[in-house]
Amino acid sequence: MSSGNRERTIIDLLKLPPDKWQEEGPVRIVGLDGMSERLRFKANKRISRDMLGSFFSGLAQIEKPHQIKLYAIVGYPGETEDDWMEFVEDLMLVDEGLSAGKQWSILLHVTPFRAMPATPAAIWPMSMRNYRGVVSARIKQYPWMKGNIFFQGNRFWAVEGMGTDSLPTVVHSAACLRGTEADAENILKLSLAYKYWKASVVQKEATLTKLFDIDALFSAHTWGTLPTRYIDWQSYQRPFKLTHHERKQ
């Protein structure tokens, strides 16, 4: 039996009728991966707007609503705030057709995009932007809504999560994904610098922009300039795939 906290996908859930969704435990964590259909398809997460609407409609049929976490990636290349608006528009479209009743709480958790090695997105640019609280401020249904709440309707209310990675955390990731030998000394210094880890976010940002070539870490690459270009899919999986001879050792 599942603990009920494993991540599901909308694609998998829609293969079943909504009354079957909770057979392995409550629907608590669901991956969306992009705020708009265009961005999801760009990342080969083929969740259409109709599928997202069917997912919301299915949730409304579950008799005992609770909180669900939707995980979405922001900061894709070419992303605009219109992509963010599409998400709340799809939610509103479903909700306005429902009668008032017990509400689902939707916690939208946004994660800044990382250009992961050994994927087609490895050469894509990353966004040097602090996304904490930015999405909810843009897509709020009404200006009077407090904090990170951005939607309140008949059967759903939605809030942006507070756990969005800080900009220094994103820079740390970029240094690991695209850093070179020239960055090694600074990475070691930071890892041992107690004063740095106790500093404010603003102070950390200033330190990181001084130590690292931000353009090199965040700008688009070609397959010829990417620091991890020597990692292909097979070698990326290599530690988990031993040969027959290696297994015998």
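Which residue in strand 6 is the bridge partner of leucine 107? Keep that question in mind while you take in the whole model, which is a predicted one, and return to it once the strands are on screen.

**The whole protein**

Begin with everything shown as a cartoon, where the secondary structure comes to twelve helices and six strands. If you display the C-alpha trace alone, its span along the principal axes is about 60 × 55 × 35 Å. Of the 249 residues in the protein, 41% are buried, and the protein exposes about 14000 Å², of which carbon and sulfur atoms supply 55%. Among contacts with a separation of 6 or more, 73% are between residues that stand 24 or more positions apart.

**Strand 4 and its neighbours**

Next select residues 104-112, which form strand 4, and colour them by accessibility: eight of the nine residues in this strand are buried, so that strand 4 is mostly covered. Add residues 67-74, which are strand 3, and you will find that this strand runs parallel to strand 4 and is joined to it by eight bridges. To place one of these pairings exactly, pick alanine 72, whose bridge partner in strand 4 is valine 110. Now show helix 4, residues 81-95, through which the chain crosses from strand 3 to strand 4, making a β-α-β crossover that is right-handed.

With strand 4 still selected, add residues 156-160, which are strand 6. Strand 4 and strand 6 also run parallel, and five bridges join them. Here the opening question finds its reply, since the partner of leucine 107 in strand 6 is valine 159.

**Salt bridges**

Side chains of opposite charge can pair when their charged atoms come close. The structure holds ten salt bridges, and a few of them make good stops.

Select aspartate 165 and arginine 114 first, whose side chains meet in a salt bridge with an N to O distance of 3.0 Å. Aspartate 165 lies in the loop between strand 6 and helix 6 (167-178), while arginine 114 lies in the loop between strand 4 and helix 5 (134-139), so this pair ties together parts that are 51 residues apart in sequence. The two partners can also be told apart by their accessibility: arginine 114 counts as buried because its relative accessibility is 16%, under the 20% cut-off, whereas aspartate 165 is partly exposed, with a relative accessible area of 24%.

Move on to helix 7, residues 184-192, in which glutamate 185 and lysine 189 both lie, four residues apart, or about one turn of the helix. These two form a salt bridge whose closest N and O atoms are 3.7 Å apart. Glutamate 185 counts as exposed at 54% relative accessibility, and lysine 189 is partly exposed at 49%.

Then select glutamate 23 and lysine 20, whose side chains meet in a salt bridge at 3.5 Å, N to O. Glutamate 23 is exposed, with a relative accessible area of 52%, whereas lysine 20 is partly exposed, with 38%.

For the last stop, show the side chains of Arg49, Glu86, Glu89 and Asp90 together, because these residues are linked in a network of salt bridges, each a side-chain nitrogen of Lys or Arg within 4 Å of a carboxyl oxygen of Asp or Glu.

Methods:
Residues numbered from 1 in each chain as written. Predicted model: local features only at pLDDT ≥ 70, side-chain atom pairs only at ≥ 80, totals over all residues. Heavy atoms only, no water. Buried < 20%, exposed > 50% of the residue type's maximum accessible area, 1.4 Å probe, protein only. Helix = DSSP H or I, 4+ residues; strand = E, 2+ residues; numbered from the N terminus. Pairing = 2+ DSSP bridges. Right-handed = clockwise from strand over helix to strand, strands pointing away. Contact = heavy atoms within 4.5 Å. Areas by Shrake-Rupley, 256 points an atom, 1.4 Å probe, with all protein chains shown as cover.
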